[in-house]
Structure formats: C-alpha cells, structure tokens
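Please open the model in your viewer and keep the sequence panel beside it. The tour below moves from one selection to the next and says what is to be found at each stop.

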Amino acid sequence: SAIFNFQSLLTVILLLICTCAYIRSLAPSVLDKNKTGLLGIFWKCARIGERKSPYVAVCCVVMAFSILFMQ
C-alpha cells in the first residue's frame, strides 16, 4: 500500500537508505559481498546514505516534520 501513497513511498525509501547505511557502518562485510544483483540494491542504498548524508539528514528532518505536524 506504500506504493500508491507518494509520501509513504518516500518514507520507506528514506528509512531503507538510513538502515542500510547504519548496517554497513556496523558490519561492512554484510553488504559489501552483494554489490550486484537483487541484493545489490541494499549496497547502493548504503552508498547513497554514506555519500549524501547531509542531504539524507535534511530529508529525514523534513519528513519527520511532515509526519508529525502535517497529518
């Protein structure tokens, strides 16, 4: 059902990026061995979270504000 609601889809993608970056910071070998294929999506999300961390942090704050005060 998150696919049909744009805000829910953005929330799921943002949480996926943050979770993958956190898991890679704790145990890099878990995501580094799957750089290609279907599980490579998690590695790519971790890379986005690491390289674009200021933008991801701003998006998290905006999304939290939106969820708490707009709905």
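A residue counts as exposed when its relative accessible area is over 50%, and as buried when that area is under 20%. With that cut-off in mind, select Q71, whose relative accessible area of 67% is over the limit, and which is therefore exposed. The model you are looking at is a predicted one, and Q71 sits in the segment after α4.

Keep Q71 selected and display its surroundings. Leaving aside residues up to four places away in sequence, Q71 touches Q7 and S66, and both of these residues will return at a later stop, in the contact between α1 and α4.

Now zoom out to the whole chain. The protein has 4 helices and 0 strands, and in sequence order the pattern reads α-α-α-α. The C-alpha trace spans about 40 × 25 × 15 Å along its principal axes. If you colour by accessibility, buried residues account for 21% of the 71 residues, while the exposed surface comes to about 5,400 Å², of which carbon and sulfur atoms supply 72%. Turning to contacts between residues at least 6 apart in sequence, 56% of them join residues at least 24 apart.

Next, select helix α1 (residues 6–26) together with helix α4 (residues 53–70), which pack with their axes 11 Å apart and at an angle of about 140°. That angle is why α1 is described as oblique to α4. Rotate the view until one helix lies in front of the other, and the crossing of α1 past α4 can be examined as a left-handed one. Showing side chains here brings up the residues that make the contact: on α1 these are Q7, L10, T11, L14, I17 and C18, and on α4 they are V56, C59, C60, M63, S66 and I67. Sorted by class, this contact of α1 with α4 comprises 9 nonpolar and 3 polar residues, with no charged residues.

Move on to S29, which belongs to helix α2 (residues 28–32). Is S29 buried or exposed? Its relative accessible area is 55%, so S29 is exposed.

For a last stop, draw two distances from Q71. To S29, which is 42 residues away along the chain, the C-alpha separation is 39 Å. To L26, which is 45 residues away along the chain, the C-alpha separation is 34 Å.

Key:
Residues are numbered from 1 along each chain as its sequence is written. This is a predicted model: local features need pLDDT of at least 70, side-chain atom pairs count only at pLDDT 80 or more; totals for chains, interfaces and linings use all residues. Side-chain values use heavy atoms; hydrogens and water are left out. Helices (H or I, at least four residues) and strands (E, at least two) are DSSP runs, numbered from the N terminus. Buried means under 20% relative accessible area, exposed over 50%, partly exposed in between (1.4 Å probe, protein chains only). Contact means heavy atoms within 4.5 Å. Accessible areas come from the Shrake-Rupley method with a 1.4 Å probe; for residues, only the protein chains shown count as cover. Axes are lines fitted to C-alpha atoms, for helices over the stretch in contact, and angles run from 0 to 180 degrees between N-to-C directions. Angles under 35 degrees count as roughly parallel, over 145 as roughly antiparallel, 65 to 115 as roughly perpendicular and the rest as oblique. A crossing is left-handed if the near helix is turned anticlockwise from the far one by less than a right angle, and right-handed if clockwise. Ala, Val, Leu, Ile, Met, Phe, Trp, Tyr, Cys and Pro count as nonpolar, Asp, Glu, Lys and Arg as charged, and the others, Gly among them, as polar.
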